[in-house]
Amino acid sequence: MTVIDFTAATDNSDLMADPVARANRSGAPEFAIIVPTFNERANLLALTTKLETTLAGLDWELIVVDDDSPDGTADLAWQLGREHPNVRCIKRIGRRGLASACIEGILSTNAPFVAVMDGDLQHDETILPAMLAKIKAGADIAVGSRYVGDGSSGEGLSPLRKWGSEQATRLSTLLTGQTLSDPMSGFFAVRRDFFIDVAPKLSDEGFKILLDLIVSASRQGTAPAIAEVPYTFRARTAGESKMSPLVVTQFLGLWVSKLSGGVLPTSFLLFSLVGFTGIAIHLGVLTLFTTVWNIGFIPAQIAATLIAMTWNFFLNNWITYADKKLRGWKALQGLLLFYAACSIGGIANVSVASMIYDLRAVPIVAGLAGAVMSSVFNYAVTRTFTWRS
Ligand SMILES: Nc1nc2c(ncn2[C@@H]2O[C@H](COP(=O)(O)OP(=O)(O)O)[C@@H](O)[C@H]2O)c(=O)[nH]1
Ligand SMILES: [Mg+2]
């Protein structure tokens with residue numbers, strides 16, 4: 001029987017105090033590269049090869065966090081892992097989301113230094129050693145920036161995306177109070193201990209984890225020390241971008257949520273936004289039925305309510321809960337639950353509104369109170385029962 005002498009290790013207090021020295025002695029990874037993927041099979045082998053060239057001589061690992069990509073990205077990652085023991089894959093089933101994928105990837109590594117980069121070869125991996133050097137030298141975060149020094153968005157962004165990225169950068173500056181050249185970058189390195197401290201404050205909804213990291217750390221009272229490393233954003237050659245109007249809406253939701261200090265969750269803001277469009281649909285349908293088709297008010301009101309609820313369900317399923325999207329039978333089941341929750345919410349709306357109206361409030365105030373009451377109720381109930389967390 002082999003007896004392991006643990007005292008020998010604990011005696012070495014220098015090594016215990018310094019995680020990097022310990023990692024070096026054990027051969028454990030010092031630097032983890034987290035790559036969130038959705039349908040990036042065509043890029044994964046080239047990415048691994050490029051990382052091997054750039055990071056030769058370092059103890060590093062690649063962690064692919066794949067959201068059950070239909071193109072089999074995870075299968076390829078596991079296959080690569082059998083040939084390269086420093087490649088691992090976390091496959092998530094029934095969930096989508098860039099930010100939560102990055103968070104889970106970072107939380108899964110022991111490496112004291114971590115980088116997040118895209119899996120589509122748009123980020124220039126050759127700056128990783130420079131980013132590592134910055135965080136080793138004391139920066140909390142090293143950001144790969146397209147807009148500083150020699151950096152550029154190159155051929156990687158269309159004029160519209162470039163404009164959108166500039167506007168988002170402006171909005172982010174308002175939020176962080178830091179004049180950072182590229183807060184929207186998805187390419188950054190961070191000290192793991194710093195990340196672990198901030199992690200409980202991060203929102204796992206949305207696309208922009210770096211922005212969230214900076215804002216959340218600053219709100220905790222420690223503005224992070226940030227270094228910037230320029231690079232040129234490459235054009236995507238294989239696979240497709242997941243950027244969409246949906247992602248832009250989610251970004252704006254995250255922005256307002258962070259502006260409220262996190263009091264209003266992004267999903268509540270998006271749920272309310274969807275609710276407003278539902279009111280417009282309701283009124284539009286009601287007008288059409290009663291004035292154009294001369295249908296009686298009660299049947300028209302019932303039809304308009306059903307149509308608006310159905311609209312709200314599908315829009316929430318698409319935007320607010322994109323990460324937990326219900327499909328097939330589950331969507332039908334979810335729709336019925338949504339009808340049930342909203343009907344109870346409707347009763348709550350009328351009861352609260354009439355109670356407040358009885359207190360001699362003006363109708364608009366009473367109506368508003370009822371509407372706020374039912375949206376909070378609908379949000380809470382559907383979040384718990386329809387789109388389970
Ligand atoms: N795990 C995971 N990865 C995602 C998701 N959406 C995008 N990605 C990955 O995030 C990276 C950046 O996405 P991309 O579509 O290239 O964004 P763009 O560069 O802004 O157009 C890529 O590696 C994508 O595969 C997602 O929902 N889950
Ligand atoms: Mg990309």
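In this predicted model, Leu288, Val292, Trp293 and Ile295 together form a nonpolar surface patch of about 370 Å². One member of this group, Val292, belongs to helix H12, which covers residues 266–292. Val292 has a relative accessibility of 52%, and it therefore counts as exposed, the cut-off for that label being over 50%.

Strand E2, made of residues 60–66, offers a view of the interior. Seven of its seven residues are buried, so the strand is largely enclosed by the rest of the structure. A helpful way to picture this is to look at the strand one side at a time. Trp60, Leu62, Val64 and Asp66 lie on one side, Glu61, Ile63 and Val65 lie on the other, and all of them are buried, leaving both faces of E2 covered.

What, then, are the neighbours of E2? Strand E1 (residues 31–37) runs parallel to E2, and seven bridges join the two. Within this pairing, Val35 stands opposite Val64 of E2. The two strands are also part of a right-handed β-α-β unit, in which E1 and E2 are combined with helix H4 (residues 41–54).

A second partner of E2 is strand E3 (residues 87–91); this pairing is parallel too, and five bridges make it up. Here Val65 has Ile90 in E3 as its bridge partner. Once again a helix completes the arrangement: E2, helix H5 (residues 73–83) and E3 make a right-handed β-α-β unit. Strand E2 thus takes part in a unit with E1 and H4 and in another with H5 and E3.

Note on methods
Residues numbered from 1 in each chain as written. Chains lettered and ligands numbered in written order. Predicted model: local features only at pLDDT ≥ 70, side-chain atom pairs only at ≥ 80, totals over all residues. Heavy atoms only, no water. Patch = residues over 30% accessible without salt bridge, like charges linked within 9 Å, V, L, I, M, F, W, Y side chains within 5 Å. Areas by Shrake-Rupley, 256 points an atom, 1.4 Å probe, with all protein chains shown as cover. Salt bridge = Lys/Arg side-chain N within 4 Å of Asp/Glu carboxyl O. Helix = DSSP H or I, 4+ residues; strand = E, 2+ residues; numbered from the N terminus. Buried < 20%, exposed > 50% of the residue type's maximum accessible area, 1.4 Å probe, protein only. Pairing = 2+ DSSP bridges. Right-handed = clockwise from strand over helix to strand, strands pointing away.
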